[in-house]
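Grab a pencil and work through a few exercises on cross-links and strand pairing. Each task comes with a step-by-step solution, so try it yourself before reading on.

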Amino acid sequence: MPMSLQLIFPNVQILSSDHWVSSPKGYQRKKNQRTDSWRAQTSQQIQNATADCREILSNPRLTPLHGTLDVVMNQNVSLSCHSDSGSPPVRYTLFKHSQKVSALNRTDLNPALFNLTINSASDVGEYKCKAENEISNGEKYSRSLNFTLKEPVSKPVLSSPNSQAKKGQNVTLSCLSEKGSLPITYTFFKDKQSIQAPVKMQNREAAVISVLIKSSSDFGMYKCKAENRLRNNTKYSNSFNFTLAEERSNSQPLIISLGLILLLLAIGLALAIPFFIIPSYKAKKCKRPMSSTGHTSIEKVEESEDRITYAEIEPVQPEEEYVNLSVIRRDEQENRSCATIYSKVLIRDGAQAGPLHSPE
């Protein structure tokens, strides 16, 4: 309901162009030099004050309820539009790029709330709101507000070039999120305890730290955390564990050396078989056994007649009883001569002790 306001000025009376002023000694008359126009203006002000009272609207304020202008895709946001002063009812209107989005009427002094959903990049443009009531001299607008579309970070990957380590060794850990609006802040943990100050990366690069393995307790579970300026958008990596590398004994170099030597011997033996062992074996097969009396076995000669190329008896002196017989055989399969076999033939009474086979 409209309110009426009546103004009462105690101890003051207006008389013609003079007026009375109250003082500790009572009322004193003071001569007013103003004209009758002053008196008319004062009367008008008193009449206005006694009429129905309406407060003029102030410029509204447009603010996000979640406290930040950074938003992500498909996020729901709420905007508050409110004038700190102004008599209700007040009509609030929300605009985006000078286009009307929605309007609300408030019959109390509470702000108007506008709910939005960020479905695309076009939903992060400039927003304003307007406030108006029945006695405003024109509309009152808020300052513009602009959302910034941000991408949440993806789950980071924690890795190290060394999965095994030993005491006294320095190892490195790297943490990287493939997606997310920059900058991204990385924090490293061991057994849920932070091991280093957060590292803020302005570029799409991994955060890298160095860890000294002092004792067995340093082989615990490691993790890293990634976050950017978006609220409630923190991602943790999988756990990573170092394993203790086995200490090498002093006998290992010797074992390795012996293994290499055996390997070289095996290679040498494999190479010697076709070049040395097989030819030597074939040469031995070419030789024929001798009889105990020094005579060549007739059977052996007959079996190998196809291999005899020629037989030659050296001339002997009459007084000699022995002559040298040389037999050269050729291996037709391999087209080469076999070893020369020397034997002695006993000559008695001008007769030959045994038959000789002609090369023919």
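Two strands count as paired if DSSP finds at least two bridges between them. Keep in mind that this is a predicted model.

**Exercise 1. Work out which strands pair with β16, and in which sense.**

Step 1. Start with strand β20, residues 207-212. Six bridges connect β16 and β20, and the sense is antiparallel. The cut-off is at least two bridges, so the pair qualifies with its six.

Step 2. Find a residue pair to anchor the register: Asn170 sits opposite Leu212 of β20.

Step 3. Now try strand β14, residues 157-159. This strand also pairs with β16 in the antiparallel sense, over three bridges. Here Leu158 stands opposite Cys175 of β16. Hang on to that cysteine, as it comes back below.

**Exercise 2. Find the disulfides and say which parts of the chain they link.**

Step 1. Count them: there are two disulfides. A quick reminder: a disulfide is a covalent bond between the sulfur atoms of two cysteines.

Step 2. Take Cys175, whose partner is Cys224, with an S to S distance of 2.0 Å. The cut-off is 2.5 Å, so this pair at 2.0 Å passes. Cys175 belongs to strand β16 (residues 170-176) and Cys224 to strand β21 (residues 221-227), so the link spans distant parts of the chain, 49 residues apart.

Step 3. Do likewise for Cys81 and Cys129, whose sulfur atoms are 2.0 Å apart. Cys81 is in strand β6 (residues 75-82) and Cys129 in strand β10, so the bond ties together parts 48 residues apart in sequence.

Step 4. Check the handedness. The S-S torsion of Cys81 and Cys129 is about 80°, which makes that disulfide right-handed. For Cys175 and Cys224 the angle is 70°, and the link is right-handed.

Step 5. Buried or exposed? Cys81 and Cys129 are both buried, and Cys175 and Cys224 are buried too.

Step 6. Write down the connectivity. Counting bonded cysteines along the chain, the pattern is 1-2, 3-4.

**Exercise 3. Take three of the six salt bridges and describe the partners.**

Step 1. Begin with Lys96 and Asp123, whose side chains meet at 3.5 Å, N to O. Lys96 lies in strand β7 (residues 90-96), while Asp123 is in the loop between β9 (112-118) and β10 (126-132), so the salt bridge ties together parts 27 residues apart in sequence. Asp123 has a relative accessible area of 13%; buried means under 20%, so Asp123 is buried.

Step 2. Move on to Glu132 and Lys130, which form a salt bridge at 3.7 Å, N to O. How accessible is each partner? Lys130 is buried at 11% relative accessibility, whereas Glu132 is partly exposed at 22%.

Step 3. Finish with Lys225 and Glu227, where the closest N and O atoms are 3.8 Å apart. With a limit of 4 Å, the pair at 3.8 Å makes it in. Lys225 is buried, at 15% relative accessible area, and Glu227 counts as partly exposed, at 24%.

**Exercise 4. Put the pieces together around β16.**

Step 1. List the strand partners of β16 from the first exercise: β14, over three bridges, and β20, over six bridges.

Step 2. Add the covalent link: Cys175 of β16 is joined to Cys224 in β21. Cys175 also stands opposite Leu158, so this residue appears in both the pairing with β14 and the disulfide.

Methods. Residues are numbered from 1 along each chain as its sequence is written. Side-chain values use heavy atoms; hydrogens and water are left out. Helices (H or I, at least four residues) and strands (E, at least two) are DSSP runs, numbered from the N terminus. Buried means under 20% relative accessible area, exposed over 50%, partly exposed in between (1.4 Å probe, protein chains only).
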